[in-house]
Amino acid sequence: QVQLVESGGGLVQAGGSLRLTCAASGMLGSINVMGWYRQAPGKQRELVASITDGGSTNYADYLRGRFNIFRGAGMNIVALQMNSLKPEDTAVYYCAAGRQRVITPDWRYWGEGTLVTVSS
């Protein structure tokens, strides 16, 4: 089992920045990819960004350039730097971890989420 704990959410004005952090613990050898999803009110959960243990990253196209995912030396810390935030970025952000497959990751573990609210 892997436990994921998010932190760093909160209220920010449009144009501001936030950094979310996800701390992973447990059987870290069982995961080789971590990522962030978000779910806005009334919408489906969507991928924000992911990063493998080799450092390969993947972003939602419409977020590329504003958001940046990076990790610590091991798969125990993953952060999401969010810049130029917009009100439409308001959502609960979830940390996820799993195994990378050929096309998409097999997301096995989820955090409880952290709320990001962007005011206009």
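Two strands are said to pair if DSSP finds at least two bridges between them, and the strands themselves are DSSP runs (E, at least two residues) numbered from the N terminus. With this in mind, C22 can be placed opposite V78 in strand 8. The model is a predicted one, in which local features need pLDDT of at least 70 and side-chain atom pairs count only at pLDDT 80 or more, while totals for chains, interfaces and linings use all residues. Residues are numbered from 1 along each chain as its sequence is written, and side-chain values use heavy atoms, with hydrogens and water left out.

Strand 3, residues 18-26, and strand 8, residues 77-82, are joined by six bridges in the antiparallel sense. They belong to an open sheet of four strands, whose order is 1-3-8-7 and whose pairing is antiparallel. Strand 1 (2-7) and strand 7 (67-71) stand at its edges, and because each has a single partner strand, one side of each is left without a neighbour in the sheet. On average, neighbouring strands of this sheet are turned by 15° against each other, direction ignored, where the axes are lines fitted to C-alpha atoms and angles run from 0 to 180 degrees between N-to-C directions.

A second group of pairings centres on strand 4, which is mostly covered, since six of its seven residues are buried, a word that here means under 20% relative accessible area, with exposed over 50% and partly exposed in between (1.4 Å probe, protein chains only). Strand 4 runs antiparallel to strand 5, with six bridges joining the two, and together they form a hairpin with six residues between them, where G42 in the turn has a positive phi of about 75°. Strand 4 also pairs with strand 9 in the antiparallel sense, over seven bridges. W36 has bridge partners in both of these strands, namely A49 in strand 5 and C95 in strand 9.

C95 leads back to C22, for the two form a disulfide (a pair of cysteine sulfur atoms within 2.5 Å), with their sulfur atoms 2.0 Å apart. This link is left-handed, with -80° about the S-S bond, and it connects distant parts of the chain, C22 in strand 3 and C95 in strand 9, 73 residues apart. C22 counts as buried because its relative accessibility is 0%, and C95 counts as buried at 0% as well.

Which residues touch the most other members of the largest nonpolar core? In this core of 31 residues they are L4, M34, W36, L80, M82 and Y93, a nonpolar core being a set of buried Ala, Val, Leu, Ile, Met, Phe, Trp, Tyr and Cys residues joined through side-chain atoms within 4.5 Å. Leaving aside neighbours within four places in sequence, L80 is in contact (heavy atoms within 4.5 Å) with residues including W36, V48, F67, I69 and Y93.

Strand 4 also takes part in a cluster of Y37, W107 and W110, linked by ring pairs. Rings of Phe, Tyr and Trp (its six-membered ring) pair if their centres lie within 6.5 Å, and planes under 30 degrees apart count as stacked, over 60 as edge-to-face and the rest as tilted. Y37 and W107 form an edge-to-face pair, 5.8 Å centre to centre with 85° between the planes, and both residues are buried. The rings of Y37 and W110 have their centres 5.1 Å apart and their planes at 65°, so this pair is edge-to-face, although W110 counts as partly exposed at 35% relative accessibility.
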